Structure formats: C-alpha cells, structure tokens
Amino acid sequence: MTMTYTRPMNILLLGLSFYFGSQFTIWLSIHNESPSSYLASKAKEDSLHRSDSDNLEGPSTTRKDTNRNNAAVNSVLRKVDRLLHSQVAAVFEHETLLGTLLGSLIRESNSGLVDLIPSEGYFLDAGMQFGEFGAHMAVNAPERKVMMLDPSPKNVELAKERYGALPNLEILQGGLGDKVGVMKARDATFEMQVGAEFPLYTIDSLFYEKGKKLAFAHLDVEGLELDVLKGAIQTIRQSKPIFTTEVRVYKDVAYTDELMNFIFDLGYDSYVINEVCGYPHMDYRNLLNIPRSMSLELVHSDTFNLLDATKSIFRLPVRKEDQKTIFDLVMPCCALGGECCPGDDINDKSCCSEERVKKWLDGNKQDVNLNYYTWKEPRKSFGRFRYRLRQRH
C-alpha cells in the first residue's frame, strides 16, 4: 500500500463520478420535472415507439426513428446517473470504492462479458438511509427491479420524494432480521424516535417465499448482519446473490469471527473493501461477499483487477483456513488495548479514532495512502480533486 497508487486511484475512481452535464439540470428545472420522473416518461415513450416500430410501413415511425429514440433514452440514463452522483455526494464521497465497485460490477455484468451478478433477480438496498445506493442501482440497471427499505419513516418519505418516480424502484418502510415480526428502534442510529416500532421482514419472506430471486444485496443494518443472513438462507441457496455486509471489526471480536465463519460456511468468500465506512472509529469496513463458485469469473472483471492492483480490495481468510484473518489484515492497532485503542472501552470515541490511527501510521513510518485508513482525509481529497476538474472544464 504505497503512495504511488494515490493519484491514479483518484483519477480513475473520482473521474467516473464527475458530472459535466449541468445543462441537463437546467433543462429539467425549466420543464419543472425531476430527473427520475423524466427518466420514467422517456422509458414509457420509448416502449410506445418500440411497439409502433413493429409495423415498419407505418407513416409515423421508422426503424431509424426508433434507433434515434433509443439513443436519446440511453443519453438520459447517462445524464441522470451523473446527476445522481453530483447531487447526492454520499454515493461516492463517503464510500468511494464501494460506490464505484457497485456501479462498475452492474455494468460489467450487464455487458454479458462477465458473469458475476446473476442474470435474474432483484437488487436490494437494506438500511437505505437516504436511498442513494438503491437509486444508483436502479439507474445503472433499468431492466431490474430494485427494492429499498429502511426503518425510518422520514428516510422512506425522503427517498420516495427523490427517487420514487423511477419505474423499477420499490420502497418499503421496515427492517430485516432472522424472523418476521416487529422491532423497536434501540438508538439514534435508526433515525427515528427511540422505542418506536417498525415492521420486521426476513429476506426469505420477501424473496424465496414469494418465488422471487435475489441477484445483489447491499446490507447496512447496524450490526444486525448475522441475524439478516440467518433469515436469508433459503434465498441465498437458491439465488446465490452477491451481497455486501458492514462490520466494525474490533467492536465485538467474537461476533466478527462468527459473521465471517457464517458467510464462509454459506459457500462464500469475503473481500474487504479497503476504505473506512463509518465514524468515529476507523475499523468500520464493508465486505463484498461472492460465491466461491464464481472465483474464476473475477479474473475477467476489469473492475476487480483494478481494485486488486491498487490494494483496494483483498480476500479475508477465516481462522479455519490457518492464514492471516481480518484481525491481522485490517487495522490491528485498533484491537482493545492496542496502540490505537488504549484503555478498556472499545466504544470510547478516542478508540481507533482518526487522530490515533494517523499517529500510529506516522510512528511506524508507514508510507501508505491515508484514503485507506482515515475518514476525513479521503473526503478532503475527493472535494479538492472534483473542484480542480470543474476548474478545468
């Protein structure tokens, strides 16, 4: 992990998310129409044109007209995609690697050249918060149905307001667990009144039991990942989806170990996405979980090869493999009692804080890309780079 990767990584990843089409935003505002509703109307118009084009001798539509209209719809998709990235910076600003990886894997799989994401099934964004990742999936895969859900009524209404017009998007209020029922918000992370109730689903109740398949899932469920996966076993066995999970590595070592082993026993390999995905502790990480049966297909993924070459993603063995584990490979200084977490309280804000991690890196003379280890530094870098690109436009 050397600084030699920093500049090309910023160019390749941040350049993907930069939006040059400000004229499109102006056009939409003039016509008093949101990007998502415009996308929906254009898709409907395109469908009507395709139906008309079946009669090539008809006076109103020709094959050339249909091709021109298809090109227009594709142009709208590209511009809405960039608009989403520009207006909802969280897609790339807070989890740059995850956002880039997600969009790129969808596009690669849609090309038919790489068979990673199953060709059938829903996309799921659980714990959607503001809905940007689910909308990101819906725009990148307009032929797929995307389900988003969140316990917070406020977040659900906001997502509906922003993205509800996307025709392939379904937004639900609720959470996921290992059984169907009702749950109470236990703390402020649920973004609703503590103690308020919300419906609880299982992934199996939403998919397997309704005869639906699942192709990809983004799970951000505030430490309930293991429960959610226990409620998804039938769906996972049937559909073999790719899915992400989030974990704070050292908060509960036994839980992290159990989660890793559970995923491994499902027939999956876990790859850490090497960026901090939470605050104030720098040991939050997203894991990309891929069926081992798909391992050879990763060789054909340009996206995966790029992230591997820049040390932005790597596989995490479990203890039974008798190799280095997540505790050896991800911020070992953040273990309780370690250099980055002295004392006896793993939840203390100073434990594995950005300040302590930077001090540890400096003390160990590690020449590394701070974007892999800190929360604020990559966001500053992201903002500076995007500003410079705009100045050059």
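Select Ile 290 to begin, and show what surrounds it: leaving aside neighbours within four places in sequence, Ile 290 is in contact with Ile 242, Gly 267, Tyr 268, Asp 269, Tyr 271, Leu 298 and Phe 304, where contact means heavy atoms within 4.5 Å. The model on screen is a predicted one, in which local features need pLDDT of at least 70 and side-chain atom pairs count only at pLDDT 80 or more, while totals for chains, interfaces and linings use all residues. Residues are numbered from 1 along each chain as its sequence is written, and side-chain values use heavy atoms, with hydrogens and water left out.

**Strand 10 and its partners**

Stay with Ile 290, which is buried at a relative accessible area of 2%; buried stands for under 20% relative accessible area, exposed for over 50% and partly exposed for what lies in between, with a 1.4 Å probe and protein chains only. If you draw a distance from the C-alpha atom of Ile 290 to that of Gly 267, 23 residues apart along the chain, the viewer should give 8.5 Å.

Now widen the selection to residues 284–291, which form strand 10 and include Ile 290; helices (H or I, at least four residues) and strands (E, at least two) are DSSP runs numbered from the N terminus. Eight of the eight residues of strand 10 are buried. Colour the two faces separately, and you will have Tyr 284, Asn 286, Leu 288 and Ile 290 on one side, with Arg 285, Leu 287, Asn 289 and Pro 291 on the other, all of them buried.

Add strand 8 (residues 242–248), which runs antiparallel to strand 10 and is joined to it by six bridges; two strands pair if DSSP finds at least two bridges between them. Strand 9 likewise runs antiparallel to strand 10, with six bridges joining them. A useful residue to centre on is Asn 286, which is the bridge partner of Glu 246 and also stands opposite Ile 273.

**The whole sheet**

Zoom out to the open sheet of eight strands, whose order is 3-2-1-7-8-10-9-11 and whose pairing is mixed. Its edges are strand 3 (169–173) and strand 11 (313–315), each of which pairs on one side only. Neighbouring strands of this sheet are turned by 20° against each other on average, direction ignored.

Next select strand 1 (residues 122–126) and strand 2 (residues 146–150), which pair in the parallel sense over four bridges, and look for Asp 125 standing opposite Met 148 in strand 2. Helix 8 (residues 153–163) packs on the sheet, touching strand 2 and strand 3, and its direction makes about 165° with that of strand 3; such angles run from 0 to 180 degrees between N-to-C directions, with axes fitted as lines to C-alpha atoms, for helices over the stretch in contact.

**The nonpolar cores**

Show side chains for Leu 124, Leu 176, Ile 203, Leu 219 and Val 357, which have the most contacts inside the largest nonpolar core, a group of 61 residues. A nonpolar core is a set of buried Ala, Val, Leu, Ile, Met, Phe, Trp, Tyr and Cys residues joined through side-chain atoms within 4.5 Å. Helix 12 (residues 253–265) gives this core its largest share, six residues. Apart from this core lies another, of 38 residues, among them Phe 123, Ala 138, Val 156 and Tyr 271.

**Loops with unusual backbone**

Most residues other than glycine have a negative phi, and most peptide bonds are trans. Against that background, go to the loop between strand 9 (268–273) and strand 10, where Pro 280 is placed; the peptide bond from Tyr 279 to Pro 280 is cis, with omega near 15°.

Then visit Glu 222, in the loop between strand 7 (214–219) and helix 10 (225–230), whose phi is positive, near 55°, and which counts as partly exposed because its relative accessibility is 35%. Lys 311, in the loop between helix 13 (302–309) and strand 11, has a positive phi of about 60° and is partly exposed at a relative accessible area of 40%.

**A last stop in helix 6**

Finish at Thr 100 in helix 6 (residues 96–111), which counts as buried because its relative accessibility is 6%. Its side chain reaches the backbone oxygen of Thr 96 at 2.8 Å.

Methods
A polar contact is a pair of N or O atoms within 3.5 Å; within protein, one must be able to donate a hydrogen and the other to accept it, and residues adjacent in sequence count only if both atoms are side-chain atoms.
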